[in-house]
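Me: Please take a close look at a single part of this model, the one with which your answer opens. I should like a connected account that starts there and then follows its links to the rest of the chain.

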Amino acid sequence: MADHSVFHKIFLIISVLVSSQAGEYTFELADRDQQCFHEQFSESGKEAILEFQVIRGGNFDVDLRLFAPSGKILYDAQRKQYDSISFKIEDVGEYYFCFSNEFSSYTHKTVYFDLISDLDEDEPPYDKIYKKEGEGNHAYTQMERSLRIIHESLKMVEDYQTHHRLREAKGRNQAEKLNKRIFLWSLGEAIIIFVVGVCQVFILRRFFTEKRSTI
């Protein structure tokens with residue numbers, strides 16, 4: 001019976017930890033276009049973080065607006081390459097944010113964003129489990145402390161991996177763009193050299209060609 005209770009608590013801990021993350025998304029934003037996303041929050045007083053980064057296209061910049069359920073603008077930025085926005089959930093309801101590429105006339109963008117919700121610095125996710133079970137003050141067991149350390153370590157590793165992947169993708173796109181420019185520049189130089197060579201041969205032939213006078 002004790003083993004069943006321990007495994008039940010472990011399952012609840014994992015469920016709470018997993019449910020605290022809203023998810024990561026990568027999408028294509030066409031030129032002169034705008035895309036909006038929304039997230040429903042059912043509890044007020046908590047913190048949420050919205051991180052975004054442009055990983056491909058143009059100057060790697062977009063416009064972003066974040067709205068509260070009342071329509072109040074919580075964040076408004078133009079032509080940002082990346083940012084991390086922390087905001088407090090004051091009103092229960094649907095929060096939505098819009099990425100805009102309307103200022104661009106011919107380049108589309110690839111945008112990554114991560115919305116982390118259900119954050120509460122004053123109450124660890126483990127306390128929610130014991131509140132549900134009617135145990136207000138509970139001393140964590142060694143296994144529960146280990147699970148917490150493992151979760152925090154894995155979350156840190158995941159964040160580092162995500163940021164490294166984004167930097168690698170952005171660097172690769174810049175390298176491909178630079179390679180294309182070098183290729184076009186080299187092709188243009190080759191064409192110019194060929195044209196100059198043909199012109200030089202034509203001019204030299206004119207110098208050594210005898211003109212016959214007509215009587």
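**Strand β7 and its surroundings**

Reply: F41 faces G93 in strand β7, the two residues standing opposite each other. The model discussed here is a predicted one. The F41 and G93 contact belongs to the pairing of β2 with β7, an antiparallel arrangement held by eight bridges. Strand β7 is mostly covered, with six of its eight residues buried. For the chain as a whole, buried residues make up 28% of the 215 residues.

The two strands β2 and β7 are also joined through their side chains. C36 and C98 form a disulfide, with 2.0 Å between their sulfur atoms. The link connects distant parts of the chain, since C36 lies in strand β2 (residues 34-41) and C98 in strand β7 (residues 93-100), 62 residues apart. In general, a disulfide is a covalent bond between the sulfur atoms of two cysteines. The structure holds one disulfide. About the S-S bond of C36 and C98 the torsion is about 110 degrees, and the disulfide is therefore right-handed. The exposure of the two cysteines can be read against the cut-offs. C98 has a relative accessible area of 8%, which is under 20%, so C98 counts as buried. C36, at 43%, falls between 20% and 50% and is therefore partly exposed. Another cysteine, C199, has a relative accessibility of 40% and is likewise classed as partly exposed.

Strand β7 has a second antiparallel link, to β4, made of five bridges. Here F67 has Y96 of β7 as its bridge partner. From β4 the pairing can be followed further. Strand β4 (residues 62-67) also pairs with strand β5 (residues 73-80), again antiparallel and over five bridges. Within the pairing of β4 with β5, L64 is placed opposite A77 of β5. The strands β4 and β5 form a hairpin with five residues between them, and G71 in its turn has a positive phi of about 95 degrees.

Positive phi values also occur at two residues that are not glycines. Most residues other than glycine have a negative phi. R79, in strand β5, departs from that pattern with a positive phi near 55 degrees. Its relative accessible area is 51%, which is over 50%, so R79 is exposed. R32 also has a positive phi, about 55 degrees, although it is not a glycine. R32 sits in the loop between β1 (21-29) and β2, and thus leads back towards the strand that carries C36. R32 is exposed as well, at a relative accessible area of 57%.

The wider setting completes the account. The chain has three helices and eight strands. Read from the N terminus, one helix precedes the eight strands and two helices follow them. Strand β8 contains L115, a residue that counts as buried because its relative accessibility of 5% is under 20%. L115 and I49 are 66 residues apart along the chain, yet their C-alpha atoms are separated by 5.8 Å.

Helix α3 (residues 142-207) has 66 residues and spans 96 Å from its first C-alpha to its last, close to the 98 Å expected at 1.5 Å a residue. Its buried residues include E144, K155, T162, L166 and N173.

Both β8 and α3 return in the description of enclosed space. The count gives one cavity of 30 Å³ or more, and the largest cavity holds about 30 Å³ of space. Its lining consists of E24, E51, Y112, D114, D159, T162 and H163. Two or more lining residues come from each of β8 (109-119) and α3. Helix α3 gives the largest share, three residues. T162, buried in α3, is one of the lining residues. By character, the lining divides into four charged residues, two polar and one nonpolar.

In short, β7 is a mostly covered strand that pairs antiparallel with β2 and with β4, and its C98 forms the disulfide with C36.

Terms used:
Residues are numbered from 1 along each chain as its sequence is written. This is a predicted model: local features need pLDDT of at least 70, side-chain atom pairs count only at pLDDT 80 or more; totals for chains, interfaces and linings use all residues. Side-chain values use heavy atoms; hydrogens and water are left out. A disulfide is a pair of cysteine sulfur atoms within 2.5 Å. Helices (H or I, at least four residues) and strands (E, at least two) are DSSP runs, numbered from the N terminus. Buried means under 20% relative accessible area, exposed over 50%, partly exposed in between (1.4 Å probe, protein chains only). The expected span of a helix is 1.5 Å times one less than its number of residues. Two strands pair if DSSP finds at least two bridges between them. On a 1 Å grid over the protein atoms alone, a cavity is a set of points where a 1.4 Å probe fits but cannot get out, and a pocket is an open set with protein on both sides within 12 Å along at least five of seven lines; lining residues have an atom within 4 Å of a point. Grid points are joined across faces, edges and corners, and a volume is the space filled by probe spheres set on the points. Ala, Val, Leu, Ile, Met, Phe, Trp, Tyr, Cys and Pro count as nonpolar, Asp, Glu, Lys and Arg as charged, and the others, Gly among them, as polar.
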